[in-house]
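This report looks at a ligand site and at two cysteines. Please keep the model open while reading.

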Amino acid sequence: MGMAVKIQQFARWKQAQRPIAVLTAWDLTSAHIADQAGADMVLVGDSLAMVTLGYDTTLPLTLDEMLHHARAVRRGVTDALLVMDLPFMSYQTNRADALRAAGRAIKETGAQAVKVEGGYTAMAETIQTLVQVGIPVMGHVGLTPQSVNTMGGFRQQGRSPEAANRILQEAIAIDQAGAFAIVLEHIPADLAKTITEKLTIPTIGIGAGPHCDGQVLVTADVLGLSSWQPPFAKQYANLREQGINAAQQFCEEVRSRQFPPS
Ligand code: KIV
């Protein structure tokens, strides 16, 4: 077992240019896989809504569902920093709701930080409020899946100079609000490079090119468990196919009376 990761290490890793590896988890098994692989951070991402619960978007996921999954992940993480996504509409309504949702995440699951999407002024104020009461926050800009309806799909963001500048300003506001790290999702690599150079906090990229301070992937994509993957994901194994083959073999052996052995 390694040393448990602390929030303070993230700033040091940026300074030392030591890339940060982040993986998601949604239950005990995926938590064991991510933690024992040596991820610096395990994120209970709300992508679990699509990847493990079968929703079309992350929007229907409730705070109670998220807390249920985060508690299971907590039981499987010993070394990595554990961060929980706040689900859609558990924190956007007002700062009191955000405090309540983030407070439940910390108290009821043992997560050490929360992640929120978006960087407009109100969100920066929300981040500041959470940080002031002692709840570390990770920001998330670029493609923010909780805004899928305003974005018109899961497409790359920040292509025009105006859109790129807006994302840069949001990232700066999140840094100034006191977040300890920020996810940059599906934006051009040169924009991610500019943001990474301008911010004091580490940038964790997903579909944002090679210049970020760290990278995150959804573990179901890494393992090849998902039925669909975004174009920027890399599949390091094919567990879905292997799983179907193994289960098929079991069914055949039961029907041919090869299993159990006599
Ligand atoms: O929900 C999630 O898994 C995420 C990561 C992709 C950053 O937000």
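Does Cys-251 count as buried, partly exposed or exposed? Cys-251 has a relative accessibility of 30%, so it counts as partly exposed. The limits for that class are 20% and 50%. Cys-212 comes out at 11%, so this residue counts as buried. The model is predicted, and every value here is computed from it. A search of the whole structure for disulfides finds zero.

**The ligand site**

Where does the ligand sit? The space it takes is the largest pocket. The residues around the ligand include Thr-24, Leu-43, Gly-45 and Asp-85. His-140, Val-183, Ile-206, Val-216 and Val-218 also belong to this shell. By class, the shell holds five nonpolar, four polar and three charged residues.

Three other members of the shell, Asp-46, Ser-47 and Lys-115, place N or O atoms at the distances below from oxygen atoms of the ligand.

| Residue | Part of the residue | Distance to a ligand oxygen |
|---|---|---|
| Asp-46 | backbone N or O atom | 3.1 Å |
| Ser-47 | polar side-chain atom | 2.6 Å |
| Lys-115 | side-chain N or O atom | 2.8 Å |

How much of the ligand's accessible area does the protein cover? On its own, the ligand has 260 Å² of accessible area, and the protein covers 95% of that.

In short, the ligand occupies the space of the largest pocket, and Asp-46 meets a ligand oxygen through its backbone. Ser-47 and Lys-115 each reach a ligand oxygen through the side chain.

Terms used:
Residues are numbered from 1 along each chain as its sequence is written. This is a predicted model: local features need pLDDT of at least 70, side-chain atom pairs count only at pLDDT 80 or more; totals for chains, interfaces and linings use all residues. Side-chain values use heavy atoms; hydrogens and water are left out. A disulfide is a pair of cysteine sulfur atoms within 2.5 Å. Buried means under 20% relative accessible area, exposed over 50%, partly exposed in between (1.4 Å probe, protein chains only). A residue is near a molecule or strand if one of its heavy atoms lies within 4 Å of it. A polar contact is a pair of N or O atoms within 3.5 Å; within protein, one must be able to donate a hydrogen and the other to accept it, and residues adjacent in sequence count only if both atoms are side-chain atoms. Accessible areas come from the Shrake-Rupley method with a 1.4 Å probe; for residues, only the protein chains shown count as cover. On a 1 Å grid over the protein atoms alone, a cavity is a set of points where a 1.4 Å probe fits but cannot get out, and a pocket is an open set with protein on both sides within 12 Å along at least five of seven lines; lining residues have an atom within 4 Å of a point. A molecule sits in a cavity or pocket if more than half of its atoms lie within 2 Å of its grid points. Ala, Val, Leu, Ile, Met, Phe, Trp, Tyr, Cys and Pro count as nonpolar, Asp, Glu, Lys and Arg as charged, and the others, Gly among them, as polar.
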